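Student: I'd like a close look at one part of this assembly, namely how the chains hold on to each other through charged side chains. Please take it slowly and spell out the cut-offs as you go.

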4 protein chains.
Amino acid sequence: MVSGFAGGMSEVFSPRRRLECLLAFEAALARALARAGVTTTDAAAVVVASCAVDAIDVARIERDAVSAGNEAIPLIEQLRGLVARTDRTAANVVHYGATSQDAIDTALMLQLRDAIALFDRDVGRLASALADLAIAEADTPMAARTWMQHAIPTTFGFKVAGWLDGIVRAHSRIRALCDGAIALQFGGAAGTLAALGPLGPDVARSLSDELGLPLPVIAWHATRDRVGEVATTLGLLSATLGKIARDLSLLMQTEVDEVREPSALAGSGRSGRSSTMPQKRNPVRCAAILSAAVRMPGLVAAALAEMVQEHERALGGWQAEWATIPQICELAFDALEHTTVVVAGLEVNRDRMAANLEMTHGLLFAEAVTFALAAAIGRQAAADVTTRSIRRATEEGRHLRDVLVDDDEVCRHLSPASIDGLFDPRRYLGVAARAARQVADSAILEIGSDRARLSAVTRR
Amino acid sequence: MVSGFAGGMSEVFSPRRRLECLLAFEAALARALARAGVTTTDAAAVVVASCAVDAIDVARIERDAVSAGNEAIPLIEQLRGLVARTDRTAANVVHYGATSQDAIDTALMLQLRDAIALFDRDVGRLASALADLAIAEADTPMAARTWMQHAIPTTFGFKVAGWLDGIVRAHSRIRALCDGAIALQFGGAAGTLAALGPLGPDVARSLSDELGLPLPVIAWHATRDRVGEVATTLGLLSATLGKIARDLSLLMQTEVDEVREPSALAGSGRSGRSSTMPQKRNPVRCAAILSAAVRMPGLVAAALAEMVQEHERALGGWQAEWATIPQICELAFDALEHTTVVVAGLEVNRDRMAANLEMTHGLLFAEAVTFALAAAIGRQAAADVTTRSIRRATEEGRHLRDVLVDDDEVCRHLSPASIDGLFDPRRYLGVAARAARQVADSAILEIGSDRARLSAVTRR
Amino acid sequence: MVSGFAGGMSEVFSPRRRLECLLAFEAALARALARAGVTTTDAAAVVVASCAVDAIDVARIERDAVSAGNEAIPLIEQLRGLVARTDRTAANVVHYGATSQDAIDTALMLQLRDAIALFDRDVGRLASALADLAIAEADTPMAARTWMQHAIPTTFGFKVAGWLDGIVRAHSRIRALCDGAIALQFGGAAGTLAALGPLGPDVARSLSDELGLPLPVIAWHATRDRVGEVATTLGLLSATLGKIARDLSLLMQTEVDEVREPSALAGSGRSGRSSTMPQKRNPVRCAAILSAAVRMPGLVAAALAEMVQEHERALGGWQAEWATIPQICELAFDALEHTTVVVAGLEVNRDRMAANLEMTHGLLFAEAVTFALAAAIGRQAAADVTTRSIRRATEEGRHLRDVLVDDDEVCRHLSPASIDGLFDPRRYLGVAARAARQVADSAILEIGSDRARLSAVTRR
Amino acid sequence: MVSGFAGGMSEVFSPRRRLECLLAFEAALARALARAGVTTTDAAAVVVASCAVDAIDVARIERDAVSAGNEAIPLIEQLRGLVARTDRTAANVVHYGATSQDAIDTALMLQLRDAIALFDRDVGRLASALADLAIAEADTPMAARTWMQHAIPTTFGFKVAGWLDGIVRAHSRIRALCDGAIALQFGGAAGTLAALGPLGPDVARSLSDELGLPLPVIAWHATRDRVGEVATTLGLLSATLGKIARDLSLLMQTEVDEVREPSALAGSGRSGRSSTMPQKRNPVRCAAILSAAVRMPGLVAAALAEMVQEHERALGGWQAEWATIPQICELAFDALEHTTVVVAGLEVNRDRMAANLEMTHGLLFAEAVTFALAAAIGRQAAADVTTRSIRRATEEGRHLRDVLVDDDEVCRHLSPASIDGLFDPRRYLGVAARAARQVADSAILEIGSDRARLSAVTRR
């Protein structure tokens with residue numbers, strides 16, 4: 001309903017594109033058959049020339065696919081008819097030696113190759129945006145929240161670096177798909193290439209060349225972990241994006257108000273606005289990302305369940321992939337695009353971050369107090385003093401600092417100035433700023449350096 | 001990809017129909033506001049007249065929905081514009097007192113009411129088809145299979161009655177949805193109807209009347225179990241259909257060959273045929289049903305996860321419903337339609353069922369032998385004799401009957417004629433035939449009698 | 001890891017209890033066989049006397065179950081041995097005419113009957129606690145939040161009534177399980193009762209009497225929707241509880257601080273406290289409830305997937321139920337108990353609710369302003385004025401009220417006093433208080449009235 | 001219920017082992033603190049000496065964990081008490097600078113490291129067993145089945161090689177977990193190590209050394225893709241095993257009978273036997289593997305849903321991992337062990353495979369006929385002849401060979417001898433045998449060569 005961004009990805013998995021990929025398989029097969037000497041170059045050329053989606057009666061394919069059990073069978077039938085009009089003999093070459101699953105699975109792989117390239121590019125973009133944000137906010141103090149309660153100070157850049165860290169690994173996993181998951185499927189009726197006799201392996205090799213798809217050591221018609229791994233990899237990505245959106249949406253709450261989604265698309269000016277409550281700025285993109293994160297686990301579960309396929313061609317599991325895998329790709333991509341827009345245009349309210357650090361009247365610094373005292377009186381005694389002081393501060397409605405300054409035992413070990421220093425968030429940030437920069441720098445390095453290699457793999 | 005049957009259901013959930021339902025809400029609201037005296041009948045009439053989907057710029061809605069966060073906001077904006085062209089004041093009435101979630105949730109309920117009516121009708125049809133089959137085959141002996149191994153004889157009608165039994169309960173659950181799950185959603189920004197002041201309840205009551213949707217005791221904007229229950233109910237249906245298709249596909253295996261899917265759609269003549277292996281008749285409908293059964297659990301999981309919605313309007317869970325719920329309806333309906341076609345046109349091969357009963361040379365009747373002997377020598381001694389005889393029959397490649405006739409101990413207790421009788425499947429069917437007829441009869445009774453009540457509930 | 005409450009439910013599904021239920025089946029079967037005249041009362045008495053879990057070598061059962069494929073087979077073997085020690089002939093009676101699935105499925109039903117009784121009781125308790133809270137807080141104003149942003153005022157009681165509304169329906173669904181889902185399973189090897197000859201139905205009826213379990217019209221060994229419905233019903237409950245916990249945990253955030261989980265178990269005093277951050281009070285029970293809500297959809301998905309069972313006894317799906325169903329019951333019950341404790345002991349901070357209503361300097365009342373103006377100048381003109389005023393209030397850092405009082409157009413239609421009144425949350429609550437009380441009252445009524453009926457159904 | 005094999009894995013995730021790993025973290029932390037100069041070697045030694053699970057009151061931990069929210073808090077409290085008995089000051093060192101999540105997450109990583117080592121070893125074993133089987137049966141003809149219908153001949157070794165192909169990739173994925181997924185978690189309250197001041201990074205490095213766990217670039221307390229990837233990797237494994245078991249169980253059907261599970265555990269002799277149907281040999285191990293495959297997708301869905309964790313420590317998602325991840329490991333391992341036993345001891349019935357090839361009276365060779373004719377008359381004309389001949393063969397109940405020999409058109413192109421040859425399955429196997437051997441050989445090579453590297457990574 002509300003996607004808007006899946007543009008690139010919906011095209012990859014559009015019905016038209018699917019037919020194009022099926023035809024790409026048939027065209028490449030004709031060429032491969034000619035290269036292997038199974039047919040003539042002329043006959044192959046006629047087939048190749050007929051593999052144009054515009055010549056296909058798409059409505060008829062959808063209708064006939066119901067009884068045929070898949071789209072490839074009626075498509076091939078139409079293609080044969082088209083070829084026969086030009087050259088009756090060449091029609092014999094169409095789909096020669098292949099089974100419909102070869103066409104369908106290979107077409108899926110062509111689509112997935114494009115999908116992975118889009119993911120690679122755009123997860124890279126998100127990583128860049130996160131790296132920029134992590135560096136820009138590396139030193140911005142904010143409250144860290146555990147169990148959704150204020151814990152101690154951290155920096156916003158450190159928080160962002162935690163998100164980035166997950167995205168960097170998501171990126172590696174997506175790139176690894178190019179090596180492991182993408183492969184030609186070509187085996188004939190049962191994977192043995194029996195119909196092509198001794199020429200089977202030659203045709204397979206040529207077909208792999210034609211399509212630029214790796215030739216697997218054995219046909220994988222009923223061994224579906226390649227497809228499953230695409231699903232799980234995008235499932236991990238989607239969950240990682242969901243965590244970012246969950247955090248952002250919590251930070252956007254009226255009571256917290258530390259960040260805001262960028263407002264609206266250019267020219268619209270009404271993004272996430274309610275008509276009777278114009279004060280609201282709804283996190284509509286976060287909602288879309290979280291919506292994807294909520295739906296995705298079930299889709300990945302389906303993808304895994306689909307892998308249990310019967311014998312040499314399955315009955316249910318294989319057919320179920322046709323809907324599940326494109327949906328997973330589109331949904332994850334939609335979430336990815338929204339996240340990138342949000343991160344790249346995020347409005348950060350540093351003042352509010354600072355103000356929120358103060359809202360508990362010093363209680364956020366309890367751990368800092370404990371560890372400062374621990375150096376003098378031991379950790380446990382220190383914890384007792386802190387607990388006592390917090391109780392007093394809470395009961396008397398005073399700032400923890402003031403309670404400590406009044407406490408004789410505390411003053412025996414800490415000077416008023418050093419007590420004061422304990423309540424400066426900048427002094428209790430540990431490795432936050434450094435780690436934020438480090439994660440960002442290494443992300444930029446990694447994503448850049450691998451880019452060349454990948455584009456080679458995914459080029460057509 | 002290969003659906004073909006979701007006809008009726010895809011229309012219920014088509015983008016156009018969704019807009020129609022949103023407009024139906026807005027029109028009914030205008031009328032209800034007039035009935036409650038919030039506005040004039042004339043102003044309401046202008047709004048109602050403008051609520052026509054053909055006047056809407058659908059592409060613009062899809063585009064604007066991205067930044068608005070849902071389709072209702074841009075639709076209402078367009079509607080206001082359309083009304084204002086006729087009557088500037090009447091534009092004030094559009095959507096008055098409502099929130100976009102009221103429109104979206106109520107529109108979903110209008111769609112679900114139609115969906116449930118289709119399910120009610122067609123699950124009823126399937127039940128009839130199964131009842132007919134159960135009666136027709138009540139006495140047809142076949143092998144019962146446990147752990148996918150021949151166990152003892154049963155009848156095909158009894159097996160079908162087991163399927164029917166599950167479908168009858170699926171039917172009751174679907175009908176129960178009319179009472180529990182379908183309801184008007186109308187509460188304004190936070191469910192309190194505050195914008196309408198003291199007239200809120202009046203408007204709500206009128207709106208409920210206008211749309212023929214039950215008025216709930218409290219707005220359910222963030223209490224989503226109604227929607228969740230639709231999902232789980234269809235999940236149970238889909239799994240029940242999956243069991244039928246699993247059994248059928250096992251019975252259709254080349255080696256078993258006891259039933260066949262009806263061949264093809266009229267005129268097509270190639271249903272499930274492979275082009276190079278014309279001997280095959282692929283169970284393409286069973287594949288579609290099993291495909292639904294494999295995908296559905298993940299979709300239901302998503303529907304349940306979506307129910308955890310934040311405060312008075314959620315961020316992720318609500319939006320996720322928009323894709324999940326229609327998909328569940330369409331997928332379950334697709335499986336239902338395929339199952340009905342398969343059951344209604346099933347080709348039953350009684351000869352093969354009889355032949356398969358014989359294929360283990362009497363071993364299928366081992367239990368019958370044991371219990372016949374048990375009457376004389378006790379169950380355990382009988383089990384020992386049977387085990388011993390089976391071993392002999394297997395080792396010597398003989399029929400179990402012949403081994404028993406040769407066994408002195410056996411012959412002491414059973415005459416040759418009674419031994420022979422043990423291997424007549426018709427004598428070891430227990431309650432099979434009677435239960436098959438009983439289940440079928442009561443199904444016909446139940447599904448018929450409730451029909452009047454339901455049609456009253458679901459009429460618009 | 002952190003459950004603590006599943007006490008009652010873990011006992012229902014303890015390994016020992018499972019064996020007890022299996023033995024209860026075997027004992028009841030012996031009695032039923034005697035009643036039907038298949039065996040003598042004396043022989044049955046010996047079997048019944050031997051059905052004591054303490055006499056069983058549990059470790060051996062677990063070991064032998066691996067190769068036997070289930071626990072019933074080795075248990076019955078042991079039971080036969082025990083009976084034989086007393087009366088060699090009576091050993092023949094053990095498990096006579098039954099299959100191991102009869103014992104296992106019926107034992108599960110005995111456990112589920114107990115589980116449902118516990119759920120019925122405790123969902124009722126939760127409903128009472130929610131009803132009390134809804135009534136107590138019916139008039140307490142708080143901010144309603146949509147998209148996790150302040151929207152308009154509501155009351156806390158109204159919010160609680162929304163939770164209660166879902167729990168009341170969860171309660172009905174659980175009660176309905178007693179009628180539809182609970183049933184005896186008894187059919188012998190393939191459901192036909194063939195081994196018992198003409199006495200089969202008599203034995204079945206007696207067995208149903210003995211165990212107090214409804215006798216189904218047909219054996220359901222491979223028709224698993226009864227079991228599936230238990231899973232989906234508890235899945236819906238768990239999600240409904242998750243919504244409550246999600247809301248509560250959002251309200252418990254440091255920045256919101258409107259409610260708190262009751263502190264600690266009696267005597268512990270450290271519930272949810274961090275050792276170095278003693279100021280924190282972690283919502284540990286909400287975490288447990290949300291943890292259940294996160295895990296449950298996947299478990300329900302498994303339960304649905306398990307329903308696709310092969311022929312007369314499945315290979316995978318049936319065995320998977322043994323782990324899934326108890327887990328679902330225990331997890332849902334754990335969440336239920338935690339929710340009840342939290343609701344019953346919730347600390348409500350009305351002052352903070354009031355303060356939070358004020359935190360946006362009047363913006364929360366934007367809708368009230370719009371609708372007040374709308375009466376005079378029409379809804380759209382009113383919306384424009386509000387939007388303009390909000391912008392000014394935000395830019396100038398002033399309260400919206402003050403901006404409105406300064407606005408000539410506004411003052412033309414609204415007196416200063418009536419402007420002031422718009423910012424009183426108590427005047428913009430719509431049906432909140434009334435609906436809260438109504439939901440609570442009818443919940444108390446419904447849950448009370450059904451109690452008698454249910455206890456009759458679930459008594460043993 | 002019926003596991004029996006999870007031996008090793010259940011120990012890895014036993015409650016006792018979990019406490020041991022938590023204590024291992026605390027001991028290593030004490031040592032690391034001493035190495036970094038935060039405390040003395042003596043104090044650390046006292047802590048280390050106290051980190052013995054036998055000194056812990058386990059029941060009290062389980063009780064207190066309910067209110068504390070996790071097991072680490074009460075464990076650390078007890079540990080402090082134990083240390084204090086020996087050396088009051090040393091008690092200050094316990095858990096110094098760490099948060100309970102550091103202990104819990106790192107303990108999980110120690111368990112996962114062991115789990116991965118077991119998986120690596122045993123997936124390797126399964127691969128070996130499959131490779132042996134693929135080689136042994138490389139030339140054994142059997143029917144390939146698509147849509148669960150006979151398609152063309154293949155070899156059993158080729159089928160096995162298809163399974164192995166998936167297992168080899170599962171193996172690589174599991175090994176990759178050592179590099180990517182396993183890491184120390186150490187960050188203190190919010191990941192910043194603030195409590196340790198400038199010494200934080202030193203302590204972290206030492207702790208990483210002590211435990212032999214890689215030091216991540218940033219704490220991952222709320223970035224859970226490492227844990228999620230373990231889940232998805234095992235989900236892929238489990239589905240791959242499920243495919244093997246599905247195929248095996250189909251091949252074990254009474255009507256097919258081409259393979260059998262190895263019978264029973266040594267000494268038991270009753271594996272999978274029914275007491276009244278001793279002829280049956282139930283595929284109990286396949287049932288266990290399929291049961292795991294049915295349950296696993298839902299568990300992986302849960303693991304993905306759990307990754308959406310709030311801020312610096314989650315509320316629900318994190319706690320849910322504690323149950324989900326061990327369950328996934330145990331379930332996948334259980335399935336793995338069963339599969340290995342089945343594959344290693346599989347009884348292959350080559351005679352039955354050969355007989356089943358013949359059961360369709362030549363129809364299985366339809367594709368061979370078509371392609372033989374295609375060389376002469378073109379593929380389409382050939383397909384027509386085949387279809388016509390099949391119809392005749394079916395109608396007249398004759399062998400397809402005989403029909404062809406009678407067909408003048410066929411005889412014009414094919415000699416009787418060459419027609420005969422078309423029905424020899426050995427002549428229509430394509431690459432089957434070669435590919436089977438190739439996959440097996442390369443599997444043996446790959447799994448062997450990586451073994452050294454891995455054992456280095458996973459050693460403790």
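In what kind of pairing do the side chains of Arg173(D) and Glu229(A) meet, and what is the spacing from N to O?

Tutor: They meet in a salt bridge, with 3.2 Å from N to O. That pair runs between chains, from helix H7 (residues 156-180) of chain D, which holds Arg173(D), to helix H9 of chain A, which holds Glu229(A). Salt bridge here means a side-chain nitrogen of Lys or Arg within 4 Å of a carboxyl oxygen of Asp or Glu. Helices (H or I, at least four residues) and strands (E, at least two) are DSSP runs, numbered from the N terminus.

Before going further, keep in mind that this is a predicted model, where local features need pLDDT of at least 70 and side-chain atom pairs count only at pLDDT 80 or more, while totals for chains, interfaces and linings use all residues. Residues are numbered from 1 along each chain as written, chains are lettered from A and ligands numbered from 1 in the order written, and side-chain values use heavy atoms, leaving out hydrogens and water.

Back to our pair. Both Arg173(D) and Glu229(A) are buried, where buried means under 20% relative accessible area, exposed means over 50%, and partly exposed lies in between (1.4 Å probe, protein chains only). If you look at the residues with those numbers on the opposite chains, Arg173(A) and Glu229(D) belong to a salt-bridge network that also includes Asp165(A), Arg169(A), Asp225(D) and Arg226(D).

Now zoom out to the A/D interface. Chain A and chain D each put 82 residues into the contact, counting heavy atoms within 4.5 Å. Together they bury about 7,600 Å², with carbon and sulfur atoms making up 64% of that. On the chain A side, Trp147(A), Ile218(A) and His311(A) lose the most area to chain D, together 11% of what that side buries. Buried area, by the way, is the accessible area (1.4 Å probe) lost when two parts are put together, summed over both.

Twelve salt bridges cross between A and D. One of them pairs Lys159(D) with Glu312(A), their closest N and O atoms being 3.0 Å apart. The interface also has 34 residue pairs in polar contact, both at pLDDT 80 or more. A polar contact is a pair of N or O atoms within 3.5 Å; within protein, one must be able to donate a hydrogen and the other to accept it, and sequence neighbours count only if both atoms are side-chain atoms. Several elements of chain A each supply at least two residues to the side touching chain D, including strands S1 (141-146) and S2 (149-155) and helices H7 (156-180) and H9 (225-251). H9(A), home of Glu229(A), gives the largest share of that side, 15 residues. By class the side has 39 nonpolar, 24 polar and 19 charged residues. Here Ala, Val, Leu, Ile, Met, Phe, Trp, Tyr, Cys and Pro count as nonpolar, Asp, Glu, Lys and Arg as charged, and the others, Gly among them, as polar.

Chains B and C have a bridge of their own: Lys159(C) with Glu312(B), closest N and O atoms 3.1 Å apart. Lys159(C) sits in helix H7 (residues 156-180) of chain C and Glu312(B) in the loop between helices H10 (284-306) and H11 (317-344) of chain B, so this pair joins two chains. Lys159(C) and Glu312(B) are both buried.

What about A and C? That contact takes 41 residues from chain A and 41 from chain C, and the area buried is about 3,400 Å², of which carbon and sulfur atoms give 58%. The salt bridges between A and C number two. Glu255(A) meets Arg145(C) in a salt bridge at 2.7 Å, N to O. Nine residue pairs, both at pLDDT 80 or more, are in polar contact between A and C.

For a bridge within one chain, try Arg205(D) and Asp202(D), closest N and O atoms 3.4 Å apart. Both lie in helix H8 (residues 200-211) of chain D, three residues apart, about one turn of the helix. Arg205(D) counts as partly exposed because its relative accessibility is 45%, and Asp202(D) is partly exposed too, at 33%. Over all chains, the structure holds 146 salt bridges.
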